[in-house]
Amino acid sequence: MPVKIATNLPAQPLWTRCRPWLPRMVHAPQPVVCAVQGWAVGAGLELMLNADLAVAARGARFALPEVTVGLFGTGGVAALLPRLVGLQRAKGLLMLGQTVCAEDAERWGLVWALADDGAVLKTARALAQQLAGSDPRMLAETKRLLHREQLTDFPAALAREAAVHSRLSGLGRLNLEQADGAR
């Protein structure tokens, strides 16, 4: 069953609650499939980055605007995003906060596949079913080896992001309460 995350909560409590899930998603032996319908912005996109495979609706949009409103992105974005889209695109997404359409997200490697609007959950479930038909030991070992090569220092990367986030909180143009009101 898909996990629903309320987005009408203050940014800090929401992120504080979500952050413990990230290492679990990344290090879970089974593949984690994510479905994006609509906008994946900030923490929503950061959660998606921690999934193994993401399916997006053709009308989906992606953005990491934290820097542009005086916040610092976390969620493993500094470790994961450059590995998916390359360093130059990662810098642009993080520093400029520009919106990326679903077609570009797929072309860049940010998402695995696109689905028609309204069919993204069905497509993601079909992908999960396909994965469930494979030997779970082989999937777990494949995931473990890929992460061993690409994400050996992921917990340390999360800790570094959290430290920078704590140091910079409240120093930007918006504080977290203002950012919550801007949604």
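Student: How many helices and strands does the protein chain have?
Tutor: This is a predicted model, in which local features need pLDDT of at least 70, side-chain atom pairs count only at pLDDT 80 or more, and totals for chains, interfaces and linings use all residues. Residues are numbered from 1 along each chain as its sequence is written, while side-chain values use heavy atoms and leave out hydrogens and water. Helices (H or I, at least four residues) and strands (E, at least two) are DSSP runs, numbered from the N terminus. By that rule, the protein chain has ten helices and six strands.

Student: What share of the residues in the protein chain is buried?
Tutor: Buried means under 20% relative accessible area, exposed means over 50%, and partly exposed lies in between (1.4 Å probe, protein chains only). The protein chain has 183 residues, and the buried share of them is 38%.

Student: How much of the accessible surface belongs to carbon and sulfur atoms?
Tutor: Accessible areas come from the Shrake-Rupley method with a 1.4 Å probe; for residues, only the protein chains shown count as cover. The surface of the protein chain comes to about 10500 Å². The carbon and sulfur part of it is 58%.

Student: Which residues of β3 point the other way from Leu 53, Val 55 and Ala 57?
Tutor: Five of the five residues of β3 are buried, so this strand is largely enclosed by the rest of the structure. In a regular strand the side chains alternate between the two faces of the sheet. In β3, Leu 53, Val 55 and Ala 57 point one way; the other way point Ala 54 and Ala 56.

Student: How many bridges join β1 to β3?
Tutor: Two strands pair if DSSP finds at least two bridges between them. Strand β1 (residues 33-36) runs parallel to β3. Cys 34 stands opposite Ala 54, and Ala 35 has Val 55 as its bridge partner. The count of bridges joining β1 to β3 is four.

Student: Which residues of β1 are buried?
Tutor: The side chains alternate along β1. Val 33 and Ala 35 point to one face and are not buried. Pointing to the other face, and buried, are Cys 34 and Val 36.

Student: Which residue in β6 stands opposite Ala 57?
Tutor: β3 and β6 run parallel, joined by three bridges. Opposite Ala 57 in β6 stands Ala 115.

Student: How many residues apart in sequence are the parts that Arg 58 and Asp 116 tie together?
Tutor: A salt bridge is a side-chain nitrogen of Lys or Arg within 4 Å of a carboxyl oxygen of Asp or Glu. Arg 58 and Asp 116 meet in one, at 3.1 Å from N to O. Arg 58 lies in the loop between β3 (53-57) and β4 (61-63), and Asp 116 in the loop between β6 (113-115) and α7 (120-132), so the pair ties together parts whose separation in sequence is 58 residues.

Student: Which helix holds both Arg 144 and Glu 141?
Tutor: These two form a salt bridge, with their closest N and O atoms 2.4 Å apart. They sit three residues apart, about one turn of the helix. That helix, residues 136-150, is α8.

Student: Is Arg 137 buried or exposed?
Tutor: Arg 137 meets Asp 135 in a salt bridge (2.7 Å, N to O). Asp 135, at 26% relative accessibility, counts as partly exposed. Arg 137, at 60%, counts as exposed.
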